[in-house]
Amino acid sequence: MAVHNWQKSSFSGDAANCIYVAATADRAIKVRESDDPDTVLTTTPDALHVLLRGIKEGEFDHLTT
């Protein structure tokens with residue numbers, strides 16, 4: 001199993017519900033949640049950028065109501 005340099009989101013603070021990200025040697029981005037660290041989402045930098053831009057622009061806000 002590969003060892004990743006996981007970095008905790010600065011927005012998580014000391015909270016228990018944290019998001020961690022790690023970059024791999026082949027430029028993949030790994031994302032996991034502290035509640036379920038064995039479940040890891042793998043994506044590309046471009047796809048993650050599009051997702052984050054959509055979140056910041058409110059594209060997914062309708063899913064939270």
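How much space lies in the largest pocket? The legends below take up this question after an overview of the chain.

**Figure 1. Overview of the predicted protein chain.** This is a predicted model, in which local features need pLDDT of at least 70 and side-chain atom pairs count only at pLDDT 80 or more, while totals for chains, interfaces and linings use all residues. Residues are numbered from 1 along each chain as its sequence is written, and side-chain values use heavy atoms, with hydrogens and water left out. From the N terminus on, the elements run β-β-β-β-α, where helices (H or I, at least four residues) and strands (E, at least two) are DSSP runs numbered from the N terminus.

**Figure 2. Close-up of Thr24 and its surroundings.** Thr24 sits in the loop between β2 (19-23) and β3 (29-33), and Thr24 counts as buried because its relative accessible area is 17%, buried meaning under 20%, exposed over 50% and partly exposed in between, with a 1.4 Å probe and protein chains only. Leaving aside neighbours within four places in sequence, Thr24 is in contact with His4 and Lys30, contact meaning heavy atoms within 4.5 Å.

**Figure 3. Close-up of the largest pocket.** About 350 Å³ of space lies in this pocket, a volume being the space filled by probe spheres set on grid points that are joined across faces, edges and corners. On a 1 Å grid over the protein atoms alone, a pocket is an open set of points where a 1.4 Å probe fits, with protein on both sides within 12 Å along at least five of seven lines, and lining residues have an atom within 4 Å of a point. The largest share of the lining, four residues, comes from α1.
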